[in-house]
Amino acid sequence: MKNQTQAYRGGVLHFNDDPAFAGDAYHWHEDGLLVVDGERIVAAGEHAQLAAMLPPGAVLHDLRGKLILPGFIDTHLHYPQSDMIASPAPGLLPWLETYTFPTERKFEEPEHAADVARFFLDELARSGTTTAMVYCTVHPQSVDAFFTESSARNLRMAAGKVMMDRNCPEFLRDTAEGGARDSEALIRRWHNKGRQMYALTPRFAPTSTEAQLALTGELARAYPDTFIQSHVAENTDEIAWVKTLYPEARSYLDVYDRYGLLRERAMYGHCIYLDDADRARMAETGTAAALCPTSNLFLGSGLFDFAAADAARVPLSLATDVGGGTSFSMLRTMNEIYKVARMGGTYLPALRMFYLATLGGARSMRLEGVVGNFMPGNEADFVVLDPQCTPLLARRTARSESLEELLFALALLGDDRTVAATYSAGRLLHSRSGATV
Ligand SMILES: [Zn+2]
């Protein structure tokens, strides 16, 4: 059956480059139109131009007063930690021991994993997030549960089984060989099945033996279009620990480099305590950083250094890091990354924050041309934002005199209430009003 063309009229915004480095980085159509056919974008532009070209029978959705943007891309978070978000602990390592490991143990039960996956994906939709890089637990069944739910909703998601063969409780420990075998079976089962994508997921250097990282590197070479995700340089205690475990490595990041784990489609969470050699290495290998400000502030880990990362041209993206992060909302995350940048002497315009949450994520994941903006042929993942969703936002945005001011108010005052609707591959995934807009 031929899909009916759908056309969405509102303020249309999307990016073609990073506003920090390009003068002409975005497209803004105040009275714009987004045209979708089936799962794909057909066009995005001025309503006055595109409306006349719509085929007969096209369905027009009037969203005037609202903004239509590409769906948000959250490049680092943990679905099993949905139930332990906002758990008190003095720092990363005690937080892992007290909350994370006992919570993750429950994912040996497939029904529990499926229940949390459903809640997690609902919450992402409520937050306007359409693509994410997701950590599961050490249990392969936690990955099956996640991808089963994600593929049922036809979401473009990357996820993987955590590999962890030391320095963790026995009940969450795999082995180097077992972890690699399970990961390879999951790649064959899920990678590129529909919109699902597999991510090799060694939790972080301290919980993997050298043998485990070496086998992960072999898988990364054997399956070059899979993703790699891990944590690096989040916390000073953690860095001191890595130094004792890998005394021969030049730096924490160098541990991963030695095993072939820096490459395109590799994503490292946090990247706070890097040096210039590390940043240069990330840039030259195409390895990306996932910035996790709500988590870094919550756990007291530290402040990401924007100026140094930009000087080296490290690929950057924005992430919630739930449950170390304190919100599923990429708007709340923008609010915090803005302040983190300010503390480091960098001014972060709202346009750049929205770039980082959309095309910046897609570029960091090497998914440009698939999602992240409204180029014709891209998958139609998009979000509708309502500047009038709260009395305060309505009052503030009514006084906005520029696109930058409008976006800045949304970034600083917005949250899941701001997300009027979320669409994935052209299909309505979430509507705040309950209506099919
Ligand atoms: Zn994390």
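This is a short dialogue on reading a few features of a predicted model.

Q: Let's start with the metal. Which residues are the protein donors of the zinc ion?
A: In this predicted model, look for the N and O atoms around the metal. The zinc ion has His 76, His 78 and His 231 as donors, each through NE2, together with Asp 321 through OD. These atoms lie 2.1 to 2.4 Å from the ion.

Q: How are the donor residues spaced in sequence?
A: The pattern is H-x1-H-x152-H-x89-D. His 76 and His 78 are both buried, and strand β5 covers residues 72–78.

Q: What are the angles among the four donor atoms of the zinc ion?
A: They span 88 to 170°. A tetrahedral label would need all angles between 85 and 135 degrees, and the site here is classed as irregular.

Q: Now strands. Why is β6 described as largely enclosed?
A: Count the buried residues along the strand. In β6 (residues 129–135), seven of the seven residues are buried, so the rest of the structure largely encloses this strand.

Q: Which strands does β6 run parallel to?
A: Strand β5 is joined to β6 by five bridges, in parallel, with Ile 73 opposite Thr 131. Strand β7 (residues 157–160) also runs parallel to β6, through three bridges; there, Tyr 135 has Gly 160 as its bridge partner.

Q: What is the strand order in the seven-stranded open sheet?
A: Reading across, the order is β3-β2-β1-β4-β14-β15-β16, with mixed pairing. The edges are β3 (40–46) and β16 (427–431); each has a single partner strand, so one side of each has no neighbour in the sheet. From one strand to the next, the twist averages 35°.

Q: How many bridges pair β2 with β3?
A: Six, and the sense is antiparallel, with β2 covering residues 26–37. One facing pair to find on screen is Val 35 and Ala 43. As a general guide, side chains in a regular strand alternate between the two faces of the sheet.

Q: Which residues of helix α12 are buried?
A: Here is the general idea: an α-helix has 3.6 residues a turn, so residues three or four places apart point the same way. In α12, the buried residues include Met 330, Thr 333, Met 334, Ile 337, Tyr 338 and Ala 341.

Q: What span does α12 reach, and what stands at its ends?
A: The 14 residues of α12 (330–343) reach 20 Å from first C-alpha to last, close to the 20 Å expected. At the N-terminal end, Ser 329 is the cap, with a side-chain oxygen 3.1 Å from the backbone nitrogen of Leu 331. Just after the helix, Gly 345 takes a positive phi of about 85°.

Key
Residues numbered from 1 in each chain as written. Predicted model: local features only at pLDDT ≥ 70, side-chain atom pairs only at ≥ 80, totals over all residues. Heavy atoms only, no water. Donors = N, O, S within 2.8 Å, 3.2 Å for Na, K, Ca; no water. Tetrahedral: all angles 85-135°; square planar, octahedral: opposite > 155°, others 65-115°. Buried < 20%, exposed > 50% of the residue type's maximum accessible area, 1.4 Å probe, protein only. Helix = DSSP H or I, 4+ residues; strand = E, 2+ residues; numbered from the N terminus. Expected span 1.5 Å × (residues − 1). Polar contact = N/O pair within 3.5 Å; in protein donor to acceptor, adjacent residues only side chain to side chain. Pairing = 2+ DSSP bridges. Axes fitted to C-alpha atoms, helices over the stretch in contact; angles between N-to-C directions.
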